[in-house]
Amino acid sequence: MCKVSLSAMTKEELKAFAEARGWPAFRAKQIFSWLHQKRAAAFAEMTNLPRAMQEELERACRIDFPAIARKQVSKDGTVKYLFRLFDENSVESVVMKYSYGYTICVSSQVGCRMGCRFCASTQGGLVRSLNAGEIAGQVYAAQKDIGERISHIVMMGMGEPFDNYDEVRKFLAIISDDEGLNIGMRNISLSTCGVIPGIERLAKEHLGLTLSVSLHAPNDTLRSGMMPINLKYPVADLMAACRAYQKETGRRVSFEYSMVQGVNDSDACAVQLSRLMKGMGAHVNLIPINPVDGSPYSSADAARIAAFQKKLALLGVNATIRRRLGADISAACGQLRKEVQTEMKKHP
Ligand code: SAH
């Protein structure tokens, strides 16, 4: 029999699960707390549940929080983890220290099917989506390992969150639960490559988190060359969805723009970008592209990025250059998993 993942259930789902078995509702609360507050790794640890209940859970369910398989610490203090999942798949997370606290970048899928040309996560395609507990478990394991509270989360690791909307939504409910880690939505950012139905669905939920959109290019020709998703959801439609999101939620969208030498880093691109941003009060994050094997792109140099930022400022667009953390530990999306896979092929 295929076991269900108990660690992937929200409190509401646990209540329904308990009810279906004729258990009182407080059992659901106890189980939630064992999993998401006390991080029990086994049902036998749930000592305030009757033995028969523990055994029934053992038979029907699994707890599938990820385990740390590898860890790398950068000179700048950034920590990168490779997590092993219950089925031997792996995903990455990165913990960064900022003045306001620790931020973790979590993965939402093993691999990705979006095909962005500059991204290591997508090179082997999508293997599978993570469940909500596997996303939350990255935060739990990293927090335990560093021994400090993680206060901020960015969903910018491997995978496209809107290609796994339901589990991502459940993860958000679990992680912000006051009987879980209780991380406020204001401390959570979610990044999408531009899946419009996901943006529309999120807008209706009024969660109060920050939506980031990976724009990376200001017109369809360039963007479709870098990101195949643009063929399905072109720039004009994407920007209309972002404006609608802002209107619906009252929250500003932020944009990521990874700078590739000779591709999207010209002053003409800055002008086009400023037109797209007109009247949005949006924030643009300029990111030096992190070169990955098998990708033709190299990063624009620091002077060009600074000139691009200046041009945007003159055009009234607020842009910052993202500090590059963890460059010495291949902290860009999907790089560590790929390295380990290559090593395993050489030394199985
Ligand atoms: N699928 C989501 C979230 C994961 S990627 C999205 O596309 O937004 C997180 C961010 O890193 C995205 O902006 C993505 O475009 C960017 N990214 C991926 N690979 C990169 C690389 N090699 N260099 C710079 N940015 C990269």
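This passage describes the ligand shell, the nonpolar cores and four individual residues of a predicted model. Residues are numbered from 1 along each chain as its sequence is written, and side-chain values use heavy atoms, without hydrogens or water. Because the model is predicted, local features need pLDDT of at least 70 and side-chain atom pairs count only at pLDDT 80 or more, whereas totals for chains, interfaces and linings use all residues.

The ligand is surrounded by 18 residues, where a residue counts as near if one of its heavy atoms lies within 4 Å. Gly159, Ser191, Ser214, His216 and Asn290 come nearest. By class, the shell holds eight nonpolar, eight polar and two charged residues. Here Ala, Val, Leu, Ile, Met, Phe, Trp, Tyr, Cys and Pro count as nonpolar, Asp, Glu, Lys and Arg as charged, and the others, Gly among them, as polar. Strands β10 (188–192) and β12 (254–259) each supply at least two residues of this shell. Helices (H or I, at least four residues) and strands (E, at least two) are DSSP runs, numbered from the N terminus.

Polar atoms of three of these residues approach the ligand. A polar side-chain atom of His216 lies 2.6 Å from a ligand oxygen. A polar backbone atom of Asn290 is 2.8 Å from a ligand nitrogen. For Gly159, a polar backbone atom is 3.0 Å from a nitrogen of the ligand. The ligand alone exposes 530 Å², and the protein buries 92% of that. Accessible areas come from the Shrake-Rupley method with a 1.4 Å probe; for residues, only the protein chains shown count as cover.

In soluble globular proteins, nonpolar side chains tend to be buried together. The largest nonpolar core in this model has 104 residues. Such a core is a set of buried Ala, Val, Leu, Ile, Met, Phe, Trp, Tyr and Cys residues joined through side-chain atoms within 4.5 Å. Buried means under 20% relative accessible area, exposed over 50%, and partly exposed in between (1.4 Å probe, protein chains only). Leu6, Leu57, Ile175 and Phe255 have the most contacts inside the core. Helix α4 (residues 132–146) gives the most to it, with seven residues. A second, separate core of five residues includes Val94, Cys105, Val154 and Met156.

Contacts (heavy atoms within 4.5 Å) link Phe255 to strand β13. Leaving aside neighbours within four places in sequence, Phe255 is in contact with residues including Val213, Met239, Met277 and Asn285. Asn285 is in strand β13. Asn285 is buried, with a relative accessible area of 15%. With the same sequence neighbours left aside, Asn285 touches Phe255, Glu256, Tyr257, Thr320 and Arg322. Pro288 also belongs to β13 (residues 283–288) and is buried at 18%. Its C-alpha atom is separated by 8.1 Å from that of Ile321, 33 residues apart along the chain.

Two charged residues complete the picture. Lys170, in helix α5 (residues 165–175), is buried, with a relative accessible area of 18%. Its side chain makes a polar contact with the side chain of Glu167 at 3.1 Å. A polar contact is a pair of N or O atoms within 3.5 Å; within protein, one must be able to donate a hydrogen and the other to accept it, and residues adjacent in sequence count only if both atoms are side-chain atoms. Glu45 lies in the loop between α2 (25–36) and α3 (51–60). Glu45 is partly exposed, at 38%. Its side chain reaches the backbone nitrogen of Ala41 at 3.4 Å.
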